[in-house]
Every structure is written in C-alpha cells, then in structure tokens.
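Here is a walk through one protein model, a few residues at a time. Keep the structure open and find each spot as it comes up.

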Amino acid sequence: MAQDKSESLPPKENFSEWYHEIIQQAQIMDIRYPVKGLYVWYPFGFKIRQLVYGKLREIMDRDHDEVYFPALIPETELGREGEHIKGFEDEVYWVTHGGLTPLDVKLALRPTSETAMYPMFKLWIRSHADLPLKVYQIVNTFRYETKHTRPLIRLREITSFKEAHTVHRTFEEAEEQVRKAVGYYKEFYDFLAIPYLVIRRPEWDKFPGAAYTIAFDTVMPDGRTMQIGTVHHLGDNFARTFGITYEKPDGEHEFAHQTCYGISERCIAALISIHGDDLGLILPFEVSPTQIVIIPVLYKGKEKEVLELCEKIFDRLKGFGYRVLLDDSDERPGAKYYRWELKGAAMRIEVGPKEVAENAVVVSFRDERKKFKISVEELTKERIEKWAAEMKERMSKAALERMKEKIKYFDNISEVAGWVGKGVALVHLCSSTECGDSIETEAGGSVLGRFEEKPDWIDVEYEGSCIVCGGKGYLNAIAKTY
Ligand SMILES: Nc1ncnc2c1ncn2[C@@H]1O[C@H](COS(=O)(=O)NC(=O)[C@@H](N)CS)[C@@H](O)[C@H]1O
C-alpha cells in the first residue's frame with residue numbers, strides 16, 4: 001500500500017481541514033469509495049477500531065449476550081411503530097428486487113434494529129422468568145443522511161453500530177438498566193479519556209418511539225458538539241406495538257418495558273479529534289496500534305551495537321506483551337519521528353551510540369513529548385504500566401480543561417448567539433417547545449437538552465428562571481452540532 005502522503009497536516013485550529021487530512025494521511029479511512037457517505041477502513045484504522053471496540057465488547061459482555069440479527073427488515077415490521085417509522089422514513093434504504101424479480105414485500109436495510117429484533121423478542125419472551133433479556137450486536141446500519149456526510153462522524157453506512165436492546169418486567173427495572181447503561185458509557189469514554197456531558201434530550205428530539213433519551217455529548221475542537229452515544233428508555237411503547245407480553249407469577253399477562261442504547265464509530269472520531277495535535281494522532285496507550293516504537297539513531301561505524309541493543313529491548317518489550325515495533329527502515333530518524341507522531345505511537349524509545357555507551361535509552365510519550373533517559377534495567381513492565389497510566393491521566397485532564405474552556409453560562413439571551421458555534425452556551429430553559437424554538441432561533445444552535453447529571457465543575461444552579469419566559473427552568477446546553 002502506498003506510504004503515508006508526505007505533506008504535513010494543516011494546523012489543528014483549522015479543525016475541519018485537519019480532520020479531513022489526518023483521516024487519510026494516518027491511513028484510518030480511505031474516503032475515495034465511489035458512494036457518498038460510505039468509506040473504507042484501512043488496516044491501521046481498523047486496528048484502532050478493533051482495540052476500541054474490544055473495550056466496548058468487554059464492558060457489554062459483563063451484562064449482555066452478543067447476538068446477530070438480519071440486516072433486511074420487511075416493510076410490514078418497520079412501519080408498525082408510528083413514531084419510529086415517522087422518525088426514520090426519510091432515512092431508510094429499501095431493497096425492492098432479488099435479482100430481476102421484484103420482491104412482494106420491500107425490505108429495509110436496517111437503520112437500527114428495533115423492528116428486526118422485537119418481533120423475535122415476542123417469540124422469545126413468555127414468562128417473567130425469561131426477563132430481563134439483555135442482548136447487543138455490533139453491525140452495520142444504513143441511514144440515508146441528507147446532512148453533510150463525514151468519515152466516522154456522519155455516515156450513510158454506519159459500519160460499527162453497537163446497539164444494545166434490553167427487556168424488563170417494569171418501567172422501574174428498565175429505568176435501572178438505563179442507569180447501568182449510562183454507567184457503561186461513562187466507563188467506556190473515561191477509558192478513552194474523552195470528556196462528555198450527560199444530557200436528557202428535549203421531548204422533541206428524543207429517539208423515535210422512546211419515552212426519553214439520555215445522550216452523551218462531547219465538545220469538538222471547533223466548539224460544535226457531537227453526540228457520541230445515546231441511551232433510550234422505550235417504556236412499553238414497542239412492547240404494545242409488537243405484542244411483547246410476559247406471564248406474571250399470578251398468571252396475569254403484562255406488556256414488557258424496554259431500553260436500547262447505541263454507540264457508533266463516532267467514538268473513534270472523538271478519539272482522533274479530542275486528543276490529536278498538529279503532528280497527528282495522540283492515542284491512549286491501550287488503544288494505540290503501535291504502543292511503543294523503538295528508533296535506532298545510526299552513526300557511521302556504530303550501527304551494529306545500536307541495533308543489537310534495540311533488538312534486545314524489542315525482545316524484552318515483546319515479551320511483556322506490548323505492541324512494539326523496531327523501526328529499522330533506512331529512513332532518517334526525523335522521518336521516523338514524523339511518521340510515528342502522525343500515527344500516534346504512544347511511547348517512543350530512541351537508542352544511539354551514546355545510549356549504548358551508557359546502557360540507557362531515551363524515552364518520550366506522544367502527548368507531552370518530553371524526553372528522559374533511563375537505564376535499560378529500569379525499562380520494566382511495572383514502570384511502563386505506570387507511565388501509561390500517567391499518560392492517560394494527563395490526556396483526560398487536558399481534554400477536560402479544553403472542554404471546560406468551551407462551555408459558558410449566559411443569563412442574557414442577546415449574548416448567546418455570539419458564543420454558540422464557538423462553544424456551548426448554558427442557559428436556564430423551561431421545557432416548553434415554544435421557548436426551545438425561540439432560543440434555537442435566537443442562538444442559531446440546537447437545544448441539546450437539560451443536564452441529566454450536572455458536573456461538579458459547572459458552578460451554576462441546576463434550577464433557575466427560563467431565559468426566554470422567566471418561568472421555572474433547568475440548566476440546558478445550546479450548541480451547534482455535528
Ligand atoms: N449517520 C450516523 N453516522 C454515525 N453515527 C451515527 C449516525 N447516526 C447516529 N449515529 C450514532 O449512533 C448512536 C445511536 O443512534 S440513535 O439513533 O441515537 N439510537 C439508536 O439507533 C437506538 N436504536 C439505540 S441503539 C447515536 O448516538 C450517534 O452517536
């Protein structure tokens with residue numbers, strides 16, 4: 001495969017161009033596929049996906065069974081839940097033929113899998129003893145997005161759609177699962193050092209067919225927010241539509257209550273965007289395809305001893321189970337530094353003749369890029385684990401600080417528009433649609449919703465008077481979104 005293009009990245013403050021370039025130069029996705037909104041995972045990008053989704057699977061597997069449902073949904077099923085089909089009808093791709101034969105029932109390419117799964121849940125669930133049911137799948141889904149498509153962010157084929165679907169006896173038990181799901185998503189995004197706001201979407205922007213939607217929003221470098229996960233309480237809406245009932249111990253039959261919660265490859269878009277810098281990717285140690293890169297600094301006549309020490313270190317680190325690479329290609333060290341900074345190698349080890357003489361190595365970490373020298377003996381697994389944890393801590397703190405800088409409270413409606421688009425405006429807002437509409441018009445951004453959990457670093461009261469009508473309001477976030 002052609003080597004990474006050698007031109008450098010635009011500065012990150014030109015975020016849109018920077019993002020577009022890094023996706024290609026770091027060989028994450030090939031955006032040249034000849035269908036709008038569909039992109040190809042390069043091997044390197046796919047390795048990041050495997051590592052990131054490996055963590056998501058580890059978390060899901062604690063409390064769910066993995067399943068796989070068909071990608072084609074008959075129109076009869078897709079259309080059954082009124083709100084749901086209204087929400088998706090202009091996004092669904094349809095299959096109308098098998099070869100030259102027109103199909104008697106049109107088949108939808110799944111935009112999400114409620115209507116593929118729930119007719120089957122009806123067959124699976126008979127008694128209270130069959131509950132709770134908790135399954136998830138990681139599949140591709142299809143949405144005919146008419147807004148600006150963008151790799152990893154807004155796709156027409158969502159290639160890495162983790163969707164969990166759970167069924168419970170009561171509304172409260174489903175609510176308990178919503179709480180757990182919020183906890184899983186927090187753990188997942190904390191692991192990726194990605195900061196987030198946990199926000200309850202307004203009534204007019206909840207998932208089609210849901211009782212309520214809780215969203216995870218992160219703030220991208222350009223001040224726009226991106227929804228990186230959603231948790232929906234479905235009430236018994238879908239159970240009533242699809243006839244999912246269970247027999248209670250007293251013999252009565254009851255409609256079940258459900259939840260569903262999803263994460264897509266936007267989690268990788270956030271990982272790239274939140275942590276990257278002008279030189280390229282910065283990836284947490286656990287999800288960097290190349291965790292440690294060893295770079296020999298070769299001087300004429302000293303190559304042999306330098307390479308010998310490099311190989312010894314390589315073998316040791318390999319033995320510790322790390323994804324380590326000895327870059328002994330015949331490029332200049334500078335070109336190697338450039339490539340591995342672009343690719344987000346978390347830890348760099350440089351070895352030159354001086355280091356051989358001192359039996360030492362020069363270590364640096366991709367986020368802070370401060371070199372320090374240590375003896376070869378000190379290069380132990382314990383130390384590397386400690387350094388990796390420190391790097392994660394630094395990345396989390398730095399990313400949270402950057403997010404805080406973009407979030408400002410306003411109690412004067414005329415000032416909100418000046419900030420929205422550059423950052424997130426916090427205002428007190430009542431839950432009426434009229435006030436929501438007027439602040440969106442005034443601010444030129446969307447009402448993300450009210451804080452489900454107000455972070456302790458937001459030192460504004462949760463309750464206040466609505467910035468539009470003066471009535472009882474709650475702290476809401478307003479932003480331009482991806
Ligand atoms: N076109 C898209 N491209 C990339 N990611 C998307 C796209 N549409 C939605 N997502 C992501 O997928 C997540 C789940 O989608 S969703 O519509 O909110 N929820 C569902 O589909 C529910 N069935 C839960 S799985 C969203 O939070 C968002 O982060």
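Lys392 counts as buried, because its relative accessibility is 14% and the cut-off for buried is under 20%. To find this residue in the predicted model, look along helix α12, which covers residues 381-405. Which residues does Lys392 touch, once its neighbours within four places in sequence are left aside? Its contacts are Asp190, Phe191, Ala193, Pro284 and Glu286.

Now for the overall layout. The domain assignment splits the chain into domain 1 (15-275), domain 2 (285-389) and domain 3 (407-479). The centres of domain 2 and domain 3, taken over C-alpha atoms, are separated by 49 Å. There is also a database record to set beside this: an unreviewed UniProt entry lists residues 37-284 as "domain: Aminoacyl-transfer RNA synthetases class-II family profile". Over residues 37-284, helix makes up 31% of the chain and strand 32%. The C-alpha atoms at the two ends of that stretch sit 28 Å apart.

**Around the ligand**

How many residues surround the ligand? The count is 21, and the closest are Thr112, Glu114, Glu145, Gln227 and Thr230. Here are some of the polar pairs, with the distance for each.

| Residue and atom | Ligand atom | Distance |
|---|---|---|
| Thr112, side-chain N or O | nitrogen | 2.7 Å |
| Arg143, polar side-chain atom | oxygen | 2.9 Å |
| Leu155, backbone N or O | nitrogen | 3.0 Å |

On its own, the ligand has 590 Å² of accessible area, and the protein covers 96% of that.

Leu155 comes up again when you look at Tyr39. Leaving aside neighbours within four places in sequence, Tyr39 is in contact with Met29, Asp30, Ile31, Thr149, Arg150, Pro151 and Leu155. You'll find Tyr39 in the loop between β1 (29-30) and β2 (40-41). Is Tyr39 buried or exposed? It counts as buried, because its relative accessibility is 17% and buried means under 20%. Tyr39 also shows how a chain can bring separate stretches together: Tyr39 and Glu157 are 118 residues apart in sequence, yet their C-alpha atoms are 8.2 Å apart in space.

Thr115 is in helix α5. With a relative accessible area of 1%, Thr115 is buried. Beyond its neighbours within four places in sequence, Thr115 has contacts with Ile73, Glu77, Leu78, His84 and Phe242.

**Some backbone oddities**

Most residues other than glycine have a negative phi, and most peptide bonds are trans. With that in mind, a few places in this chain are worth a look.

Start with the peptide bond from Leu131 to Pro132, which is cis, with omega near 0°. Pro132 belongs to the loop between α5 (114-124) and β7 (133-142).

Next comes Leu152, which has a positive phi of about 70° even though it is not a glycine. Leu152 is in the loop between β7 and β8 (157-168). Its relative accessible area is 0%, so Leu152 is buried.

Arg369 isn't a glycine either, and it has a positive phi of about 50°. The loop that holds Arg369 runs between β18 (360-365) and β19 (372-375). Unlike buried Leu152, Arg369 counts as partly exposed, at 45% relative accessibility.

**Two last stops**

Gly319 is found in helix α9, residues 303-319. Is Gly319 buried or exposed? It is exposed, because its relative accessible area is 63% and the cut-off for exposed is over 50%. In sequence, Gly319 and Lys381 are 62 residues apart, while their C-alpha atoms are 9.7 Å apart in space.

Finally, go to Ala425 in strand β21, residues 424-429. Ala425 is buried, with a relative accessible area of 0%. What does Ala425 contact, leaving aside its neighbours within four places in sequence? The list is Lys408, Phe410, Val416, Trp419, Val420, Asn476, Ala477 and Ile478. Ala425 and Leu197 are 228 residues apart along the chain, and 13 Å separates their C-alpha atoms.

Notes: Residues numbered from 1 in each chain as written. Predicted model: local features only at pLDDT ≥ 70, side-chain atom pairs only at ≥ 80, totals over all residues. Heavy atoms only, no water. UniProt positions renumbered as here; feature names shortened; annotations may be inferred. Helix = DSSP H or I, 4+ residues; strand = E, 2+ residues; numbered from the N terminus. Buried < 20%, exposed > 50% of the residue type's maximum accessible area, 1.4 Å probe, protein only. Contact = heavy atoms within 4.5 Å. Domains from an automatic or database assignment. Near = heavy atom within 4 Å. Polar contact = N/O pair within 3.5 Å; in protein donor to acceptor, adjacent residues only side chain to side chain. Areas by Shrake-Rupley, 256 points an atom, 1.4 Å probe, with all protein chains shown as cover.
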